[in-house]
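A learner new to this structure wishes to know how to read its features. The sequence and model are shown below.

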Amino acid sequence: MKITDITALTFRHKTNTVRDSDGHGHPGPESDTTSALLTITTEDGTTGHVICRPGEVREDLLDRFIRPNLLGQDALCTENLWYKVYKWQRLSGGQLLDRTLTAMDLALWDLKGKAAGMPVWKLLGGARPKILAYGSTMCGDDLENGLATPEDYARFADWMVNTRGYKAVKLHGWMPPMPGAPDPKKDYKACAAVREAVGPDVPLMLDPHHFYTRTDTLWLARKLAELDFRWMEEPMEEASISSYKWLRDNTDLNILGPETMTGKHWIRGEYVKADAIDLVRAGVWDVGGITPAMKTANMAECFHMATEMHGTGAGNLSVALAIHNTSFYERGLLHPFIDYDKPKEYQNRIDDEMDADGYVHGRDDPGLGQDLNMDYILANQT
Ligand code: MG
């Protein structure tokens with residue numbers, strides 16, 4: 001199946017998320033934003049799609065790195081194509097980022113699923129037809145009745161578990177520039193309030209400020225162990241593997257990582273070898289696609305370690321349903337003021353509909369399982 005065409009189109013849609021001065025998303029007034037649709041087409045007209053950020057599939061990136069390596073090649077040989085493009089990163093002068101690799105890889109897997117007439121989660125292994133989601137909150141804020149106080153987090157967690165049906169909850173704590181942040185004691189108060197609200201049996205996790213010192217991190221880890229938290233992720237700069245080894249040597253709390261550290265499946269192998277983590281983190285948008293995410297998961301399984309997928313979307317859901325060694329799918333980011341279950345204008349359905357028991361189900365449609373409103377996308381090109 002020869003690849004004949006690779007296009008990216010940018011389109012306009014509405015968002016209710018605004019970014020603070022450190023880049024974290026919060027609820028805000030509706031405004032316009034843009035996303036991109038990457039499409040890879042083969043000679044028989046089969047297409048693979050993915051929605052991504054416009055900067056990840058800029059024309060100059062497609063012209064310099066993607067089209068020369070993919071056009072005329074067999075679209076089904078995803079391993080070959082991933083390596084051809086990956087090797088260009090070294091001499092790209094920092095231009096070819098992992099997220100461009102991810103967009104290409106996801107579009108290729110979507111195409112492969114459609115060519116096979118199979119959903120990607122089954123093509124990759126099909127470990128389970130459904131997976132429990134954890135509700136993943138937005139970062140703390142200063143909005144009245146939002147996520148401004150420990151009581152706000154407790155009230156929202158109670159809604160997530162007892163009304164919406166989530167079986168697990170992850171908090172993102174307060175990050176600068178929010179008042180009083182960063183503060184491990186404030187993070188702990190929110191965690192304690194949530195534990196009190198949902199009871200002892202609901203798995204809880206924390207994703208705090210990412211630049212704590214060793215001593216702040218260790219204090220927080222010990223307190224979260226007392227609250228029987230399932231894991232904490234990325235409390236310190238992840239390039240310092242020895243800091244994570246030190247943390248793990250000094251706490252009973254499970255540490256999950258690395259999440260945003262570059263180095264794909266290779267760095268995750270180094271973390272495992274260093275005994276620096278308890279659970280391995282992989283997200284398709286962090287490691288360079290489904291292809292390296294599956295390698296990460298298979299590596300972790302060799303050491304009886306779970307791989308927890310980072311972030312939402314059809315790619316992460318496909319891997320989570322495909323592998324044996326994972327426990328949850330991350331669903332979010334959630335906030336009292338945001339209706340997560342409402343499709344965006346460019347979707348007919350969201351990627352990860354969740355039932356009342358807290359399960360997200362794999363779809364039987366061929367490909368990644370995205371249900372895109374192509375009429376909307378084509379009519380709103382910029
Ligand atoms: Mg995280």
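The dialogue that follows takes up a metal site, a helix and a cavity in this predicted model.

Q: Which residues coordinate the magnesium ion?

A: One begins with the donor atoms around the metal. Here the magnesium ion is held by D207 through OD, by E233 through OE, and by E259 through OE twice, at 2.1 to 2.5 Å.

Q: How are the donor residues of the magnesium ion spaced in sequence?

A: Their pattern is D-x25-E-x25-E. D207 belongs to strand β6 (residues 204-207) and E233 to strand β7 (residues 231-233), so that this pair, 26 residues apart, links distant parts of the chain.

Q: Are D207 and E233 buried or exposed?

A: A residue counts as buried when its relative accessible area is under 20%. D207 is therefore buried, at 2%, and E233 is buried as well, at 1%.

Q: How should one read helix α3?

A: An α-helix has 3.6 residues a turn, so residues three or four places apart point the same way. Helix α3 covers residues 98-116 and reaches 26 Å from its first C-alpha to its last, close to the expected 27 Å. Of its 19 residues, 15 are buried. Just after α3, G117 has a positive phi of about 70 degrees.

Q: What lines the largest cavity?

A: One considers the volume and then the lining. The largest cavity holds about 90 Å³ of space. Its lining has 13 residues, with W121, L317, R363, L368 and G369 nearest the centre. Helix α12 (residues 314-322) contributes the most, with four residues. By class, the lining comprises six nonpolar, five polar and two charged residues.

Definitions and conventions:
Residues are numbered from 1 along each chain as its sequence is written. This is a predicted model: local features need pLDDT of at least 70, side-chain atom pairs count only at pLDDT 80 or more; totals for chains, interfaces and linings use all residues. Side-chain values use heavy atoms; hydrogens and water are left out. Donors are N, O and S atoms within 2.8 Å of the metal (3.2 Å for Na, K and Ca); water is not among the atoms, so sites may look incomplete. Helices (H or I, at least four residues) and strands (E, at least two) are DSSP runs, numbered from the N terminus. Buried means under 20% relative accessible area, exposed over 50%, partly exposed in between (1.4 Å probe, protein chains only). The expected span of a helix is 1.5 Å times one less than its number of residues. On a 1 Å grid over the protein atoms alone, a cavity is a set of points where a 1.4 Å probe fits but cannot get out, and a pocket is an open set with protein on both sides within 12 Å along at least five of seven lines; lining residues have an atom within 4 Å of a point. Grid points are joined across faces, edges and corners, and a volume is the space filled by probe spheres set on the points. Ala, Val, Leu, Ile, Met, Phe, Trp, Tyr, Cys and Pro count as nonpolar, Asp, Glu, Lys and Arg as charged, and the others, Gly among them, as polar.
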